[in-house]
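This report describes selected helices, loops and individual residues of one molecular structure. The sequence and the model are shown below.

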Amino acid sequence: MDFAEYAQAFKQVEQDFEASVESFGVPFEENESSPRAERVLCAEKSSCSCENSQSSLWLNWISPACLACRTGEATSTFFVDLRCSRNCYFCFNPNQDYYEYFLSHQRDITAELDHAASLGVHFDCLAVTGGEPLLHKEEVLRFIKHARMHYPQSHIRLYTSGDFLDERTAQALGSAGLSEIRFSIKLDDEGKLPELPFKQMKMCREFIPFVMIEMPVIPGTLDSMKEILLRADAIGVKGINLLEFCFPLHNGNEFAKRGFKLRKHPYDHLYNYWYGGGIPVAGSEKEALALLEFANEQKLRLGVHYCSSDNKNTGQIFQQNKCFTAAGSALRKRYPWLSRDDESQFLICTKAFGSDAAKLHSWLTAQNAPFDFQPEILCVSFPASLAAAALKEFPGATLALSHNVFEEDEANALKLREVSVQKF
């Protein structure tokens, strides 16, 4: 087996994936863009930070909760139920487990938090979301008070549309210990801005340390989004989280009638990611990057963070591969040719096939290096750190970089899954 033959299986998986997604009636764009290259260029133009494998760009300020989200360490999000006062066509809550159940049933989030604290679980960041959490004001306030009691130094945030927020509630949230409130601003189909959220955000600044906006960048709304940035900055909003707009694999007719297309090759490494937002919509990132440049040109004070769909996924991979990266892990002894890629959080190694594999097998043995040789398909896997030396020794060899993640099978046993191979 050679590299082309081996890689064909992954190409076929991606083709099947695209065909399955397009069955919802929303096509992929024809020409593939180069997101990471465009992000780096934007960072240079706007003098902003470009982090987490070029998936997170921010200017002026970024919430500590956003930094914690990159690995998912010491952070957790709670919801009472999934009821909401809005009906956004792009909402991805229906992708959550037991969505229908939690439209009519509630969780005791304070009891859940108390239980975690009794077990010694540590949190640096906590969040309450929904649905609309302020449909349950007393329960939310109770949760925040307990969170502040158990974790005095934690960063506690609340997501809301603002539909049920008044001054009394804002003051109570601040008194309970809320660190950050994030508003979702909903534009109408003409891209017009509602007035109420800006009044509420200005009011909240009196009671809550960090007042933020979090919303997707819908293609075609660039002018409206610029106005949001200007008005938010004028009233002292701390920051805005610009989310990559995604198709949540339902309401396809709503996306199709608006002429949206999906980003070609949406993931560097195709996998079943937990983030339920869906498939990135083409054009969203371009406008998000334009907003970063606009904020820099206008010398705005508020923090502007572009959170791409790639950025949403790194925490999952980090958490799944902790079983390997943890000190003393038996898996590291079992798979010594693997190492963690600090950018993508996948476990990587180098692979060679066919006659190249046979030659490298002998070389690796002489080097006393760890490797995995599969003679039945003539494939050898070895540490990514040895790729340069291998190419120097065998300049004509075809080498590939393999990305892997641990996951549980039906019997809850850990297994290693290869998700991509890319030629060096």
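The following paragraphs treat helix packing, buried and exposed faces, and residues with notable backbone geometry. The model is a predicted one.

**Packing of α4 and α5**

Two packed helices are described by the angle between their axes and the distance between the axes. Helix α4, residues 109-118, packs against helix α5, residues 137-150, at an angle of about 15 degrees, and the two axes lie 9 Å apart. Angles under 35 degrees count as roughly parallel, and α4 and α5 are therefore roughly parallel to each other. The crossing of α4 past α5 is right-handed. On the α4 side, the contact is formed by Ile 109, Thr 110, Leu 113, Asp 114 and Ala 117, which meet Glu 139, Arg 142, Phe 143, His 146, Ala 147 and His 150 of α5. By character, the residues of this contact comprise five nonpolar, three polar and three charged.

The loop between β4 (125-129) and α5 contains Gly 131. The peptide bond joining Gly 130 and Gly 131 is cis, with omega at about 15 degrees.

**The two sides of α6**

Helix α6 spans residues 167-176, and its buried residues include Thr 169, Ala 170, Leu 173 and Ala 176. Viewed down the axis of α6, the buried residues fall within an arc of 130 degrees, so they line one face of the helix. Their cover includes α5, together with β5 (155-160) and α7 (196-204). The face of α6 turned away from the buried side carries Arg 168 and Ser 175, both exposed. Just after α6, Gly 177 adopts a positive phi of about 115 degrees.

**Positive phi outside glycine**

Two asparagines have positive phi values, Asn 52 and Asn 412. Asn 52 is located in the loop between β1 (49-51) and β2 (56-59), while Asn 412 belongs to the loop between β16 (399-408) and β17 (414-423). Which of the two classes, buried or exposed, applies to Asn 52? With a relative accessibility of 13%, Asn 52 counts as buried, whereas Asn 412 is exposed, its relative accessible area being 56%.

| Residue | Phi | Relative accessible area |
|---|---|---|
| Asn 52 | near 55 degrees | 13% |
| Asn 412 | near 65 degrees | 56% |

**Buried polar and charged positions**

Arg 39 is placed in helix α2, residues 35-46. Its relative accessibility is 0%, and Arg 39 therefore counts as buried. When residues up to four places away in sequence are not counted, Arg 39 touches Cys 50, Gln 54, Ser 55, Leu 57, Arg 263, Glu 285, Leu 289, Tyr 306, Ser 308 and Asp 310.

Asp 310 is also one of the buried residues of α11. In helix α11, residues 309-320, 10 of the 12 residues are buried, so the helix is largely enclosed by the rest of the structure. Among these buried residues are Ser 309, Asn 311, Asn 313, Thr 314, Gln 316 and Gln 320, as well as Ile 317 and Phe 318.

The loop between α11 and α12 (322-325) holds Asn 321. Asn 321 is buried, with a relative accessible area of 1%. Neighbours within four places in sequence aside, Asn 321 is in contact with Gln 345, Phe 346 and Leu 347, and also with Asn 404, Val 405 and Phe 406.

Definitions and conventions
Residues numbered from 1 in each chain as written. Predicted model: local features only at pLDDT ≥ 70, side-chain atom pairs only at ≥ 80, totals over all residues. Heavy atoms only, no water. Axes fitted to C-alpha atoms, helices over the stretch in contact; angles between N-to-C directions. Helix = DSSP H or I, 4+ residues; strand = E, 2+ residues; numbered from the N terminus. Parallel < 35°, antiparallel > 145°, perpendicular 65-115°, else oblique. Left-handed = near helix turned anticlockwise from the far one by under 90°. Contact = heavy atoms within 4.5 Å. Nonpolar A, V, L, I, M, F, W, Y, C, P; charged D, E, K, R; others polar. Buried < 20%, exposed > 50% of the residue type's maximum accessible area, 1.4 Å probe, protein only. Arc of directions from axis to C-beta.
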